[in-house]
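Biologist: I am new to this structure. Take me through its inner spaces and its buried parts, and justify each label.

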Amino acid sequence: MPFDTLRIPTADGEADAFAAFPDGGGRHPGVLMYPDGFGIRPVIREMARELASHGYYVLVPNPFHRHGPAPVVDLPEHIGEETRPALMARLMPLIESLTVERVRGDADAYLRFLTARPEVAPGPAAVTGYCIGGLLAVRTAVAYPERVAALAAFHAPVGADGPDALTGLTARVHFGHAESDLTPEALSELNRTLEAAGIAHSSEIYPGTVHGFTMADTDAFDPAGLKRHWERLLPLLRGAPAEG
């Protein structure tokens, strides 16, 4: 699977990025993939390659580029519960620095860069993200509805900006929530917001999962949850009707 490391011009300097795309040349639908709070690392690169193998050009930017290239903090090969608190203590100031304004400015740069790639087919992109990356994906789709056709977010605080922030969505949507992150009552409230806004969506709790369930290099990893994630994400990108 071909891949590349890239530099994306932004208003605050260059953002390093990883891209994966299919063999054989040609042009492919573009997907902007935001990593979780631990950033670009081997497991994220592998997920980008897997998605690319289904016929997509996948661009993964470093959301923390203002603080240096990825990985911005040293990461162990496996992120266990014994190391997570110290890592999060270092990462939270970086996450909190991602204001709505900064995210929108970066997203504009990422989307422009992605859609200008010679390997990317014309038309709107898709956006997906994990954990805090899911919130960045939501902000991107809300800010640039004409440039984003599909939005997916997994174990992500998708409602963190408030229910009114979701009403600008026009993309078809899938939200895959961890069981530990969202109660059934909160899920119902979120889904009512999406329905009232007329957003084509599926939004569900993945049974038996905890926050971070897609990430194979963490204690939170759940193989069944990751499989369900692919079963929801790939049809969404192909334009299938929302389910769930």
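Modeller: Start with the second largest cavity. Its lining splits into 6 nonpolar residues, no polar ones and 1 charged. The model is predicted: local features need pLDDT of at least 70, side-chain atom pairs count only at pLDDT 80 or more, and totals for chains, interfaces and linings use all residues. Numbering runs from 1 along each chain as its sequence is written, and side-chain values use heavy atoms, with hydrogens and water left out.

Biologist: What makes a residue in the lining of the second largest cavity charged or nonpolar?

Modeller: The residue type decides. Asp, Glu, Lys and Arg count as charged; Ala, Val, Leu, Ile, Met, Phe, Trp, Tyr, Cys and Pro as nonpolar; the others, Gly among them, as polar. The lining is Tyr34, Pro63, Leu98, Val103, Asp106, Tyr110 and Leu136. Asp106 is therefore the charged one. Helix α3 gives the most to this lining, 3 residues. Helices are DSSP runs of H or I, at least four residues; strands are runs of E, at least two; both are numbered from the N terminus.

Biologist: Why is this space called a cavity?

Modeller: On a 1 Å grid over the protein atoms alone, a 1.4 Å probe fits there but cannot get out, and lining residues have an atom within 4 Å of a point. Points join across faces, edges and corners, and volume is the space filled by probe spheres set on them. The second largest cavity holds about 30 Å³. The count is 2 cavities of 30 Å³ or more.

Biologist: What is the volume of the largest cavity, and which residues line it?

Modeller: Its volume is about 50 Å³. Among its lining residues are Phe38, Gly39, Asn62, Phe64 and Leu91. The classes are 9 nonpolar, 2 polar and no charged. Gly39 and Asn62 are the polar pair, because neither type is in the nonpolar or charged lists.

Biologist: What makes a space a pocket instead?

Modeller: A pocket is an open set with protein on both sides within 12 Å along at least five of seven lines. The largest pocket has about 240 Å³. Of its 15 lining residues, Val158, Gly159, Leu182, Ala186 and Leu190 are closest to its centre. Helix α5 (184-196) gives the largest share, 4 residues. The second largest pocket has about 180 Å³. There, Gly37, Arg84, Met88, Cys131 and His211 are closest to the centre, out of 15 lining residues. Helix α2 (84-96) gives the most, 4 residues.

Biologist: Why is Val120 called buried?

Modeller: Buried means under 20% relative accessible area, exposed over 50%, partly exposed in between (1.4 Å probe, protein chains only). Val120 is at 1%, so it counts as buried. Val120 sits in the loop between α3 (100-116) and β5 (125-130). Beyond neighbours within four places, its contacts (heavy atoms within 4.5 Å) are Arg27, His28, Gly30, Tyr57, Leu114 and Thr115.

Biologist: How do you know that His174 is buried?

Modeller: Its relative accessible area is 0%, so His174 is buried. His174 lies in strand β7 (172-178). Leaving out residues up to four places away, it touches residues including Phe154, Ser202, Glu204 and Arg232.

Biologist: Which residues of helix α1 are buried, and what do they pack against?

Modeller: In α1 (42-52) they are Val43, Ile44, Met47, Ala48, Leu51 and Ala52. They pack against β2 (13-20), β3 (30-34), β4 (57-61), β5 and α6 (223-238). An α-helix has 3.6 residues a turn, so residues three or four places apart point the same way.
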